[in-house]
Amino acid sequence: MSSVAEKLQRKSQRPVATKQVRLKLVYVDFWSTVKLSFLVAVSLGIVLVVATILVYLVLQSTNIFETLDRTLAEILGDESFSITDSFSLVQVSLFTVVVAILNIIVGTALGAITSVLYNFSVRITGGLLVGFTNN
């Protein structure tokens with residue numbers, strides 16, 4: 001008697017016939033494209049906000065702003081000038097959040113427009129031919 005493991009091993013040693021399938025992409029659902037582009041834009045917006053805050057904190061901890069303050073004070077002749085007073089972490093963060101929100105709106109709209117344009121272009125071109133295999 002052979003065990004189940006031996007039967008599975010013999011079965012896996014048989015050559016598997018590779019079947020290729022060619023499919024045409026002739027329609028992209030509008031709402032699924034809008035939802036996906038929205039989620040991608042939101043994730044990119046979160047990355048933008050976090051990266052901006054991290055870069056600001058790194059610049060602040062390496063005293064880049066103090067060096068820049070001294071250089072600009074010499075150039076401008078104003079000893080009271082401070083870059084951190086003009087661009088605080090709160091101001092930079094709020095500006096980044098506004099830019100992220102605008103990117104979310106624009107990214108979602110571009111996803112929707114791309115979906116509509118693809119669906120219209122399929123009428124002319126016949127669709128996108130894609131090949132698949134079962135391996």
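Visitor: Is Ser82 buried or exposed in this model?
Guide: Keep in mind that we're looking at a predicted model. The relative accessible area of Ser82 is 14%, and the cut-off for burial is under 20%. So Ser82 counts as buried.

Visitor: Which side chain does Ser82 make a polar contact with?
Guide: Start with the spot: Ser82 is in the loop between α3 and α4. Its side chain has a partner 3.0 Å away, inside the 3.5 Å limit for a polar contact. That partner is the side chain of Thr84.

Visitor: Moving on to Ile83, which residues does it touch, leaving out those up to four places away in sequence?
Guide: Ile83 belongs to helix α4, and at 13% relative accessibility it counts as buried. Leaving out residues up to four places away in sequence, its contacts are Phe65, Leu68, Asp69 and Leu72.

Visitor: And how many Å lie between the C-alpha atoms of Ile83 and Ala73?
Guide: Along the chain, Ile83 and Ala73 are 10 residues apart. In space, C-alpha to C-alpha, they are separated by 9.9 Å.

Visitor: Where do the buried residues of α3 sit around the helix axis?
Guide: Phe65, Asp69 and Ala73 are the ones to look at, as they are buried in α3. Viewed down the axis, the buried residues stay within an arc of 75°. In general, an α-helix has 3.6 residues a turn, so residues three or four places apart point the same way. The buried residues of α3 therefore line one face of the helix.

Visitor: Which exposed residues are on the face of α3 turned away from that buried side?
Guide: First the buried side: its residues pack against α2 and α4. The face turned away from it carries the exposed residues Arg70, Glu74 and Ile75.

Visitor: What span does α3 reach from its first C-alpha to its last?
Guide: α3 has 13 residues. At 1.5 Å a residue, 18 Å would be expected. The model comes out close to that, with the first and last C-alpha atoms separated by 18 Å.

Visitor: How does α5 compare, and what span does it reach?
Guide: Helix α5 covers residues 89-125, which is 37 residues. The expected span at 1.5 Å a residue is 54 Å. The model is close to this, reaching 51 Å.

Visitor: What covers the buried residues of α5?
Guide: The buried set in α5 includes Ser93, Ala100, Ile104, Gly111, Ser115 and Val122. Two of those, Gly111 and Ser115, turn up among the contacts of Thr33, a residue of helix α2. What covers the buried residues of α5 includes β1 and α2.

Visitor: What is the relative accessible area of Thr33 itself?
Guide: Besides Gly111 and Ser115, Thr33 touches Val28, with residues up to four places away in sequence not counted. Thr33 is buried, as its value is under 20%. Its relative accessible area is 16%.

Visitor: How many aromatic pairs are there, and what is the geometry of Phe30 and Trp31?
Guide: The whole structure gives 2 aromatic pairs. The rings of Phe30 and Trp31 have centres 5.1 Å apart and planes at 80°, and planes over 60 degrees apart fall in one class. So the Phe30 and Trp31 pair is edge-to-face.

Visitor: Which class does the pair of Tyr56 and Phe65 fall in?
Guide: Tyr56 is buried at 7% relative accessibility, and Phe65 is buried at 13%. Their ring centres are 5.0 Å apart, with the planes at 45°. That angle is neither under 30 nor over 60 degrees. So the Tyr56 and Phe65 pair is tilted.

Visitor: What is the phi of Asn63 near?
Guide: Most residues other than glycine have a negative phi. Asn63, in the loop between α2 and α3, has a positive one although it isn't glycine. The phi of Asn63 is near 60°.

Visitor: Which residue with a positive phi follows α5?
Guide: Just after α3, Gly77 has a positive phi of about 75°. After α5 there is a residue whose phi is positive and near 90°. That residue is Gly126.

Visitor: Zooming out, what pattern does the protein follow along the sequence?
Guide: The protein has 5 helices and 2 strands. Read along the sequence, they follow the pattern α-β-α-α-α-α-β.

Note on methods:
Residues are numbered from 1 along each chain as its sequence is written. This is a predicted model: local features need pLDDT of at least 70, side-chain atom pairs count only at pLDDT 80 or more; totals for chains, interfaces and linings use all residues. Side-chain values use heavy atoms; hydrogens and water are left out. Helices (H or I, at least four residues) and strands (E, at least two) are DSSP runs, numbered from the N terminus. Buried means under 20% relative accessible area, exposed over 50%, partly exposed in between (1.4 Å probe, protein chains only). Contact means heavy atoms within 4.5 Å. The expected span of a helix is 1.5 Å times one less than its number of residues. The arc is that of the directions from the helix axis to the C-beta atoms. A polar contact is a pair of N or O atoms within 3.5 Å; within protein, one must be able to donate a hydrogen and the other to accept it, and residues adjacent in sequence count only if both atoms are side-chain atoms. Rings of Phe, Tyr and Trp (its six-membered ring) pair if their centres lie within 6.5 Å; planes under 30 degrees apart count as stacked, over 60 as edge-to-face and the rest as tilted.
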